[in-house]
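Work through the exercises below with the coordinates open. Try each task before reading its solution.

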Amino acid sequence: MNLTRNNKLASFLCSLRLGRCQPLGFNARHIEKNGTHFHAALPPTNIAKSFGSWVPKGVVEVLWRRQVKTAHVFPPTVTKASSQVQLRCMSIAFADFSPIQNGSNREAEVTRLVAKGVAAQKKVAWWLFGCSAWVFSMVVLGGLTRLTRSGLSMTEWKFTGSFPPMSDDEWKLEFGKYQQSPEYKRVHNDMGLEDFKFIYWMEYAHRMWGRGLGLFFGGPFAYFMYKGFITWRLGLRLSAFLAMGAGQGFVGWWMVKSGLEEPSSEYSQPRVSPYRLAVHLTSAFVIYSGVYWTFLSVLMPEPPTEKLGWVKGSARLRILAVPIAALVALTAASGAFVAGNDAGHAFNTFPKMGDYWIPEGLFEMQPVIRNIFENTATVQFNHRILATSTVVSMGILWLAARRLPLNPSVQALVDSSFGMAVLQATLGISTLLSYVPISLGVAHQAGALTLFTLIITLLHMLRRPSTTALKGVISSSKFRT
């Protein structure tokens, strides 16, 4: 392409970008669609005569496809050294499938989950991020409450909550209720009032933090609905999350009640049912993943599709990433049964369990399926196998990603996920060998949710683009070639 033709094409593309002139027989008209204002060029009848045979076919396919709302072509760059106009084909970004960007040409994508424009989209997105961060902190605080054995300090529960004890008489009354519990009689029978205050405040903080989350979620939700920011599709999803969050309060009390009952054996320590603890923790993970995924969907309606090769690479990596994500979730669920059975306080050696690679008594309970959830040896053995499989699988995913053309952000997520999986395994081993100190136990639970967060983000980046986005990237690919 010589300088004259290059300048002619650059001038034409600039006119489309800026909506100013009508070069070489092209007619421009103002179009308004879905609240978006833009200029579009009407394909002339003399295009071949005007530009000659050197006009790329992709230009026509990109700039005049009627189903594409608008095409955004960056203006040319003029180099001072040669004063020659060079086209910067940096991107042909379609308003249907890019993340939040400034400018009116991004308004169309906002209508997917959020109405009223980009500003409303950002408000809803960051509110959802705050909610997911709050749920994250709830999970960590719940782990701290469990590890400090504070969960059974409050023997009553009200959905709306109540004020804590203020006077000495009120504290003595609450302490007297706790002294009637099996945990006090068998574990904390030497506890004084000051020690009781500590575990009481831990449990009270966990409960009130959950109620605060309900207000933080429900208040802005109602406001955004009133302002018309939230579409009916997003409103139904958020209503489900709100109901699940309210249900968590009932599930938590259902779990605590199991720990206030007398153990079946006089040699057993009082503790909550591992099944109910697993339900409580798994539900928290489900709520967190749902809110966090919704935040990502509002913030980034479409995955990165700047290059066709990236789309193909993401599709191939997604085949491997989905089952690995399921494995990560299963490993986290098995960790709930490790916590519920206090299995971390047994077999505090690694890699062997005591003197054996495979411990004895894995299937001593009847029926056999009970061993998976109640047998200390089996529960810990399963968690070790699942955790090791997760690290190996994440390593395979990392190697596969190195061989595929991927968006740099996707590649960085794969690297971070693999690193976090190794760190989480290291934390788990250190927690086991140290007989589950509180600090490492909390870090291990937070690490599980961090790894889960990275996997969710990766899956969101790898998801299949919409039909409009695929058409756009195909047209863009033809234009570049």
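The exercises treat aromatic pairs, a contact in space and the backbone of this predicted model.

**Exercise 1.** Classify the ring pair formed by W171 and F196, and locate both residues.

Solution.
- Start with the whole structure: a search finds 32 aromatic pairs.
- Take the geometry of W171 and F196. The centres are 6.4 Å apart and the planes make an angle of 85°.
- Apply the cut-off: planes over 60 degrees apart count as edge-to-face. The W171–F196 pair is therefore edge-to-face.
- Now place the residues. W171 sits in helix α6 (residues 168–179) and F196 in helix α8 (residues 193–227). They are 25 residues apart, so the pair links distant parts of the chain.
- Check the accessibility. Buried means under 20% relative accessible area. W171 has 6%, so W171 is buried. F196 has 0%, so F196 is buried.

**Exercise 2.** Which class fits the rings of F175 and F196?

Solution.
- The ring centres are 5.0 Å apart, and the planes lie at 35°.
- Stacked needs under 30 degrees and edge-to-face over 60. The angle of 35° meets neither, so the F175–F196 pair is tilted.
- F175 is in helix α6 and F196 in helix α8, 21 residues apart.
- Both F175 and F196 are buried.
- Widen the view: one aromatic cluster is formed by W171, F175, Y178, Y184, F196, Y200, W201 and Y204.

**Exercise 3.** Compare the sequence separation of V422 and G395 with their distance in space.

Solution.
- Along the sequence, V422 and G395 are 27 residues apart.
- In space, their C-alpha atoms are 9.1 Å apart.
- V422 belongs to helix α14 (residues 408–433). Its relative accessibility is 35%, so V422 counts as partly exposed.

**Exercise 4.** Where are the cis peptide bonds that lead into P351 and P367?

Solution.
- The bond from F350 to P351 is cis, with omega near 10°.
- The bond joining Q366 and P367 is cis, with omega about -5°.
- P351 lies in the loop between α11 (308–340) and α12 (370–374). P367 is also in the loop between α11 and α12.

**Exercise 5.** Are K116 and Y435, with their positive phi, buried or exposed?

Solution.
- K116 has phi of about 75° and is not a glycine. K116 is in the loop between α4 (107–110) and α5 (118–147).
- Y435 has phi near 60° and is likewise not a glycine. Y435 is in the loop between α14 and α15 (438–462).
- Exposed means over 50%. K116 has 58%, so K116 is exposed. Y435 has 53%, so Y435 is exposed.

Methods
Residues are numbered from 1 along each chain as its sequence is written. This is a predicted model: local features need pLDDT of at least 70, side-chain atom pairs count only at pLDDT 80 or more; totals for chains, interfaces and linings use all residues. Side-chain values use heavy atoms; hydrogens and water are left out. Rings of Phe, Tyr and Trp (its six-membered ring) pair if their centres lie within 6.5 Å; planes under 30 degrees apart count as stacked, over 60 as edge-to-face and the rest as tilted. Helices (H or I, at least four residues) and strands (E, at least two) are DSSP runs, numbered from the N terminus. Buried means under 20% relative accessible area, exposed over 50%, partly exposed in between (1.4 Å probe, protein chains only).
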